[in-house]
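Hi everyone, thanks for coming. Please pull up the sequence and the structure, and we'll walk through a few places in it together.

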Amino acid sequence: MKYTAPRGTKDILPDETSVWQGIEKTCRKLFELYNYSEIRTPVFEQTELFTRSIGQTTDIVSKEMYTFLDRKGRSLTLRPEETAPVVRAAIENNLIQKDKLTKLYYIGPMFRYERPQMGRQRQFHQAGIEVFGSDNPAIDVEGISLAMQIFNRLGISNLEVDLNSVGCNKCRPEYFIRIKSFFKDKIKSMCEDCQKRFETNPLRILDCKEPNCQKFIEKAPAIKDILCPECKTHFEKVITGLESLKIKYKVNNRLVRGLDYYTCTAFEIVSGQLGAQNAVCGGGRYDTLVEEFGGPKTAAFGFAIGLERVVEIIKSTKSNNQPSKQAPSLYVATMGDEAEKIGFELVSKARGAGISADMDYLRKSLKAQMKTADNEKAKYVLIIGDDEIKKNKAILKNMQTGGQEEIAFDEALHRLTS
RNA sequence: GUGGGCGUAGCUCAACCUGGUUAGAGCUCCAGAUUGUGGAUCUGGAGGUUGUGGGUUCAAAUCCCAUCGUCCACCCCA
């Protein structure tokens, strides 16, 4: 084969697109039900937008970005996530204003250079929201409930909400100090990655899965005990909010998100049906990012759903999901040039009348045309041959019942619309 | 970036371990049985540079190396 899709990318083929369309439709419907408006941003941005917001030492920035120079030598990067671009666009277009809540949603492709595996591709798709202008914990609750509502509507259950607070600019530095002093004498006996994390971002030590490291991590101070009063009450209010909506959650003190801009609330929604890459949704609060990007001081919250993973779950859940390909209502079978001409006009008229229709263009035998119509799941077949032309009538066959009748050419379309 | 599994017809796979005529089967597709009627059945047919490149050998789908792709896991995340 001469050309194949680049590594880590996939063609979404016709028998799959209906699943995708269904998911996208459900997302849009619910986003709009919660009063979010769609925003579409470029798929590439200035590289700095991502390095600044996500953080230099994060995996995404340090090894996963598709970065290139354009013809004028500008460094651009295919978006690895959508929060930074939306923040940029919102500031640039003055969407964020004082005393106003701005609620935006997006659906689109993201790009990260990683080794592909189950539920992980280099081009993947996310649907998500960003809310600007409120530090009210109710926003966090609304966001999480919206995500759960989407999964619910898609028929996905067995999900778990993992919740944590990563603190704010006031309490996080304090926590860093505590963590550093706690691990100071232990770090040498921990794994190589943790030793790096100790220098670059000690918070991530908590996320290490090495059994050896976990022994130490278990005894490490939990961030929830060091949170400042504001973060603490915020976190508690998010929890009571979730409880009042009867959303089940699990406080996970080790949940640390891989992007540096998060403050206070961080959450993930994980599925048991996915393999190692089990997060279907992730997000949280980022109350300082807008200001860091030169906008007004603005509290913000957002999440992103991984659509490939949703597709995986839906495929594995629905045992025999019928592809539900759209079928034409009418298939016109013709024999001979004259019949083909008449048939072509009828197909055209049918379409004009809103009836989905198709016909044979391969000059196949009638039998073969019937077979094609059957494979296409056409409801009716209109047969036109020499006999019919003479009588100025066609044969209309109902493919479900097998019954057929002679009918005038023009009459046939009326029959189908009525 | 690291480790392991796998690349054979459009699809799912067999033959590989133990090298040996013309690389098989099911499904799909095409034709016929049915001179102009789909689904079921039967008969026939088409379809392959065995991922690619090199090596070993009288002989390679089979053994070896490389490379690309894919899958799974680590890391991390959606």
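Let's start with Val 87, which is buried, with a relative accessible area of 0%. Buried here means under 20% relative accessible area, exposed means over 50%, and partly exposed is in between, using a 1.4 Å probe and protein chains only. Before going on, a word on where this comes from: it is a predicted model, where local features need pLDDT of at least 70, side-chain atom pairs count only at pLDDT 80 or more, and totals for chains, interfaces and linings use all residues. Residues are numbered from 1 along each chain as its sequence is written, chains are lettered from A and ligands numbered from 1 in the order in which they are written, and side-chain values use heavy atoms, with hydrogens and water left out.

Back to Val 87, which sits in helix α4. Helices (H or I, at least four residues) and strands (E, at least two) are DSSP runs, numbered from the N terminus. What is Val 87 in contact with, leaving aside its neighbours within four places in sequence? The answer is Phe 132, Tyr 286, Leu 289, Val 290 and Phe 293, where contact means heavy atoms within 4.5 Å. For a long view, take Gly 403: it is 316 residues from Val 87 along the chain, and their C-alpha atoms are separated by 61 Å.

Now the helix around Val 87. Helix α4 (residues 83–92) packs with helix α2 (residues 47–54) at an angle of about 110 degrees, and their axes are 9 Å apart. Axes are lines fitted to C-alpha atoms, for helices over the stretch in contact, and angles run from 0 to 180 degrees between N-to-C directions. So α2 is roughly perpendicular to α4; under 35 degrees counts as roughly parallel, over 145 as roughly antiparallel, 65 to 115 as roughly perpendicular, and the rest as oblique. From α2, Leu 49, Phe 50 and Ser 53 make the contact, and from α4, Ala 84, Pro 85 and Arg 88. The crossing of α2 and α4 is right-handed: a crossing is left-handed if the near helix is turned anticlockwise from the far one by less than a right angle, and right-handed if clockwise.

Here is another helix pair. Helix α1 (residues 14–33) packs with helix α5 (residues 137–153) at an angle of about 140 degrees, with axes 10 Å apart. That is why α1 and α5 are oblique to each other. Their crossing is right-handed, and Thr 26, Cys 27, Leu 30 and Phe 31 in α1 meet Leu 146, Gln 149, Ile 150 and Arg 153 in α5.

On to the rings. How many aromatic pairs does the structure hold? There are ten. One of them is Tyr 261 with Tyr 262, a tilted pair at 4.9 Å centre to centre and 50 degrees between the planes. The rule is that rings of Phe, Tyr and Trp (its six-membered ring) pair if their centres lie within 6.5 Å; planes under 30 degrees apart count as stacked, over 60 as edge-to-face and the rest as tilted. Both Tyr 261 and Tyr 262 are buried. Why is the pair of Phe 267 and Phe 303 edge-to-face? Because their planes stand at 80 degrees, with the ring centres 6.5 Å apart. That pair links distant parts of the chain: Phe 267 is in strand β9 (residues 263–271) and Phe 303 in strand β11 (residues 300–306), 36 residues apart. Phe 267 is buried at 0% relative accessibility, and Phe 303 is buried too, at 1%. You may also remember Phe 132 and Tyr 286 as contacts of Val 87; together with Tyr 261 and Tyr 262, they form one aromatic cluster.

Let me finish with a strand. Gln 126 is found in strand β6 (residues 123–132) and is buried, with a relative accessible area of 10%. Leaving aside neighbours within four places in sequence, Gln 126 has contacts including Glu 81, Tyr 106, Met 110 and Ala 304. The C-alpha atoms of Gln 126 and Ala 304 are separated by 5.9 Å, with their positions 178 residues apart along the chain.
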